Structure formats: structure tokens, C-alpha cells
Amino acid sequence: MPASAKKKVVLLGATGSIGGSTLRVLRAHSDKLELVGVAASSSHRELAAICHEFHVPHAVLSDEAAYAEAKAANTFPANSHLGCGESGLIEISTLPEADIVLVAVVGACGLKPTLAAIEAGKDIALANKELLVLGGAFVIEAAKRKGVRLLPTDSEHNAIFQCIEGHPQQHLDKLILTASGGQFRDAPLKSLAKVTPADATQHPNWSMGPKITVDSATMANKGLELIEAHWLFGLEPERLEVVIHPQSIVHSFAQFIDGSILAQLSPPSMTFAIQHCLLYPDRAPGVDATTDFRKAFQLDFKAPDFKRFPCLQLAYDAMRSGGSAPAIFNAANEIAVERFLAHDLAYLDIPRVIDHTLEKVETSAAATLEALLHIDAEARAVAQSF
């Protein structure tokens, strides 16, 4: 791509919290980045507004009812082609003009569009941790075969990526992912039985969607990130750790065999990681102000309490078991959180659903994507019936 050309971006999950941060980066660097495709689940009016502001030629609504409503409302620009469903997501992810696809949709629905984008030779900015947890073997193999970049956009994995770049793999000892500990990290254990969806969707540091915010409270989110790190950086479970870091300023550590430890620091805003991925390997002034060391502040770290965070222990167990166990963990957690947010399940039932599903669904090494999706569906059914 010529130095003067704009990098053309497709954004899956444009109306979510990651999407909002991405749009801020795009506004700040309109001379370097151009939005050519956007997708959302059902927020058609928000998606239409994005198309108007950025003059986006391709848009997709994955929800069919929302697509029909959008067509009837006629809110999209006349020159924006509107697609629908999984086929629409795949089509937009493989646009010939696209250079990079930022995958910010939540859950397993991003797997097939991402694989299609990789097959089409597109670089991937990955902000969907469930995707690698479910289909890591398939995604990593496809990316290596096609020679495309998998650029981690989660703040923790992006931090690791920046810390280890240029260092030989054999010099790396272990990776340490930081976790805020969520909104209940210091709450009395007995109080967790009374946690409501309204309580669990208020994060002390980050602005995120409801599912990810609940995952942060249970630390299932950090469990998913451990599994994602295993695939992204090729380290065995014994070389992956988690520490509680309430301030969310240090986003992860890389420890080397000589004992040296590198860290990446920035305020808790996703714009830092998103901009790094979209402009990579270049850099430019950031959207948000960075950490100011002239002002006094403290950084605290401590080991996680697995009694408080049983979901994290279950994720470790699933990662060590391998095969389809991480996919089962992910599917069960998605269903459990969905039911909790619908007031159909207590907060403390979330790890119970995951544990139950891991026990009931047989773990195997899925040889094909179809076999893996079958296991995913079975795990969801078992979790739903808890």
C-alpha cells in the first residue's frame, strides 16, 4: 500500500463500546484511515448515523428483524449498501478494497466472518476474545497459512504484543495479565449472593458492554483472555499468570528468562490499543491523554482469590484440559451471563452453570470447524437446561 494511501477499515460491532472507541480513532486520523464497512446486531439507527457521518458504502445488520425495520425506516444513505445476517457479515469482511477488519462483535458469531476475512488476505484487529477461545486452532492455522497479521486489540494482549515485539520467543519466560478484579473485588463474599444485573454492569474503571462487564466481575473475562493469550503467543498454561491490578494502568507484563520484566502502561481507554492496531506498524498522536507521572498515583498488585473468582479457576482448568474444553467454557459462560442479565439466574449460579456444563459435555479434539460448532451448540443446550 502506498505511504500516502489511507488504510481501509471494516468494523464489525460498530455500535458497541469498542466500536465507539474505534470511531474516535477514525475521526482523529481521517487522513490515515477510511471506514469502508460497518456492522451491528440490531441498532440500525446508530449504524445509519455512522454511515452518514463517515460516508460508509457497506453496512450489515446481523439481526433480520432489525434489517427489515431499517429497510422500512429508510434511514441509511442512498449510497450505502445494506446487507443482512451471517452472509452479510462474511460479505463485508471480504470486501476487495478492505485492508483490515476490526472484529469487535461479542461472542462466537464473529468466527466465520473472521475466517472468511483471513482467507481473503485481510489483516485482523481482534477485539473478540471468544473467537480464539472457541476456534483458536483454526484461526491461528489460517492466519499462518495466508500470511496475514492477527493484531490483538484487547488491552492486555495488545500490551503483551508491544512488550515482546522484537524479542526471540526463546527469551520469553512467562506472561502476566493484569485484571482490575471488577466491581466486587473487595466486597464481602456473603454479599455476592445478592448481586443484581444492575450491580454487575457497573465497572469501576472501564466503559464496556453488559456482557463483558459481568465477565469482568466474575473474572471469566480474564479466563477467556488467558486462553486467548495461549493461542496468540504460543505459551503453555504454566507460563501464563493473572494478577489483580485495581488501577487498570499497567495492562500486562512480559517476563524474560533473565528476570527482566517489561510492562505497557496507559490510562484505561481502549483507544490506545485500537489505534496501535489500526495504524500498525506506524504510530501517531493518541486520542486520549496518557499517564502523567508528574502527578502522584499508586499501582497495586495482588494474586487473585479463586474462592471469590471460581470462573477464573474453571478457565485455567479448561485451558489445561485442552481440546474442546475452552469452547465449552465459553459457550456455558455466554448462556449463564445471558440468563443472569435476564434475571433468570443468580450471580453465584454463573460458575455453577459453567462447571455443570464442563462435566456434562464430553471434551474432544474437534477435527473440523463443523464439529467444533456442534460441540458449542451442545454446550449451550446443556447450560440452558441447568
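This is a conversation about the overall build of a predicted model and about one of its helices.

Trainee: How do you know what radius of gyration to expect for a compact globule of 386 residues?

Mentor: The rule takes 2.2 Å times the number of residues to the power 0.38, and for 386 residues this comes to a value near 21 Å; the protein chain has 20 Å, so it agrees with a compact globule. Along its principal axes, the C-alpha trace spans about 55 × 50 × 40 Å.

Trainee: What makes a residue count as buried, and what share of the protein chain is buried?

Mentor: A residue is called buried when its relative accessible area is under 20%, and buried residues make up 55% of the 386 residues in the protein chain. The protein chain still exposes about 16,300 Å², of which carbon and sulfur atoms supply 52%.

Trainee: Which part of the contacts with a separation of 6 or more joins residues 24 or more positions apart?

Mentor: Such pairs account for 69% of those contacts in the protein chain, where a contact means heavy atoms within 4.5 Å.

Trainee: Among the 15 helices, why does the span of helix H13 agree with its number of residues?

Mentor: The expected span is 1.5 Å times one less than the number of residues, so the 17 residues of H13, residues 325–341, should span 24 Å, and the end C-alpha atoms are indeed 24 Å apart.

Trainee: Is H13 mostly covered or mostly uncovered, and what follows just after H13?

Mentor: By the cut-off of under 20%, 15 of the 17 residues of H13 are buried, and the helix is mostly covered; just after H13, His343 takes a positive phi of about 60°.

Conventions
Residues numbered from 1 in each chain as written. Predicted model: local features only at pLDDT ≥ 70, side-chain atom pairs only at ≥ 80, totals over all residues. Heavy atoms only, no water. Helix = DSSP H or I, 4+ residues; strand = E, 2+ residues; numbered from the N terminus. Buried < 20%, exposed > 50% of the residue type's maximum accessible area, 1.4 Å probe, protein only. Areas by Shrake-Rupley, 256 points an atom, 1.4 Å probe, with all protein chains shown as cover.
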